[in-house]
Amino acid sequence: MIPPKPKSRPDKVSLLRYLKLFRADLLSAQPSRLYRAWMAEFRTPFFRSYLINQPELVRTVLRDRPMDFPKSGRIAEGLRPLLGNSVFLTNGETWQRQRRIIDPAFEGGRLKETYPAMWQAAQAALARLKTEVGAGAEVEIEEHTSHAAADVIFRTLFSLPIEHAVAQEVFHAFRAYQRTQPILNLAAFLPLPRWMPRFHRRSTRSAARRIRGLITELTAARQAEIAAGRAPDDLATKIMTTTDPQTGARFSTSEMVDQVAIFFLAGHETSASALAWALWLVAAHPEWQERLASEAQALGDTPDFADIAKLRVSRDVFREALRLYPPVPMMVRETTCPERFRDRDLPKGAQVVLSPWHQHRHERLWDNPHGFDPARWGTANGKHCAREAYMPFSAGPRVCTGAGFAMVEGVLLLSLILRDLKLEIVPGKTPEPVAFLTVRARDGIWLRISPR
């Protein structure tokens, strides 16, 4: 079975048609040649865009000269109402300062320290799923993975279970936001002056205001706890008490709200997406599901971080899910000076698109690029591509701070669920991938669940 992927558009369409397709779904707006091309150029009346798949060029942009290719301001336009000046959107010295404060929270033994909170969230997610089990029960699994990922974020960041009233409000507001906010809005295509409205949907602006207001409440409460000396030793406390080693400054309340917004968006949206697709893939491939279930018996009944190292099959399956369905399908950088790639001149200000979606399925790089094969990671081709053509968390200095966090969370949840439950696909309900804020399924991901 070839896992589902979006139909590609015809090679040539009008600009208006392209903009409509792009706004509706980033993936189906692309031509099929991108699965084979090393580089492709797209021209509009307002800017030029260059998608690059060649590993050497991707390395130049992300690893070798990242400061010469900052994040595109055009993409930031669509996310600014929610994310403000978070580390996901900033560039230059502002970004460097933010990373100097954030990175220590995810270094060294911090992952081991957060593991008990992850375990508690995973146990709660498993309990919720078990309430849905019944003869022929069909479950929309994305809703459950979103709930689980949100719970992990709140427990590790603020020491709050998802059942907490404010956590519940933030979770539901995010669910509304991610379905109303396209990845790109009009300002991503048109060079609008700063004074001109950005035409964000009213529902998008309203959800963003609600989310930021709730996060402000949580952040202010934590600042008060820190001042009183009774704050829990979680990620929020670590970040809020860390000073920039160069300036001695800490995040202000508004700066912390920006960062919490991206932690929640990146940690909740991406993890929920990857786990949902992983569960569908193992339901569609029972032989891998049985291997995972057998391996998961190694998990004890109490949180032991050492157990994660034993879950090698689960890790390979989760890596394969991230390859086929990278939660963030495309990233955009901008040239700060003229460049020359593959005998083409890129002007200053050109948009450089890096596409995990296309590079992970590139037909000149991967064996069986569109197929599900977790065993590939042990082959020569898989090992080579893992180094040269695999970037679900980006790469280089701007690699996702929480990449290690996400891998532990995904592997743990996947193993616990399959240890206790059996999953089957629902005939006639094959999920259709679309890019909202992350790669989700247009009408959800439906599975049949029964006790193992």
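Mentor: Two strands count as paired if DSSP finds at least two bridges between them, and that rule is applied here to a predicted model.

Trainee: In what order do the three strands form the open sheet?
Mentor: Strand 8 and strand 11, residues 446-451, run antiparallel and are joined by five bridges, with leucine 423 standing opposite isoleucine 449 in strand 11. The pairing in the sheet is antiparallel, and the order of its three strands is 3-11-8.

Trainee: Which strands stand at the edges of this sheet?
Mentor: Neighbouring strands are turned by 45° against each other on average, direction ignored. One side of each edge strand is left without a neighbour in the sheet, because each has a single partner strand, and these edge strands are strand 3 (138-140) and strand 8 (421-425).

Trainee: Which helix lies across strand 3 and strand 11?
Mentor: The helix in question runs at about 50° to strand 3. This helix, which spans residues 141-158, is helix 6.

Trainee: How many residues does helix 6 give to the lining of the second largest cavity?
Mentor: The count of cavities of 30 Å³ or more comes to four, and the second largest holds about 60 Å³ of space. Helix 5 (110-130), helix 10 (253-284) and helix 15 (403-420) are among the elements that give two or more residues to its lining. The largest share, however, comes from helix 6, with four residues.

Trainee: How many residues of that lining are nonpolar?
Mentor: The lining includes Ala125, Leu129, Ile141 and Leu275, together with Arg128, His144 and Thr145. Two of the lining residues are polar and one is charged, while the number of nonpolar residues is eight.

How values were computed
Residues numbered from 1 in each chain as written. Predicted model: local features only at pLDDT ≥ 70, side-chain atom pairs only at ≥ 80, totals over all residues. Heavy atoms only, no water. 1 Å grid on protein atoms, 1.4 Å probe; cavity = no way out; pocket = protein on both sides within 12 Å on 5 of 7 lines; lining within 4 Å. Points joined across faces, edges and corners; volume = space filled by probe spheres on them. Nonpolar A, V, L, I, M, F, W, Y, C, P; charged D, E, K, R; others polar. Axes fitted to C-alpha atoms, helices over the stretch in contact; angles between N-to-C directions. Contact = heavy atoms within 4.5 Å.
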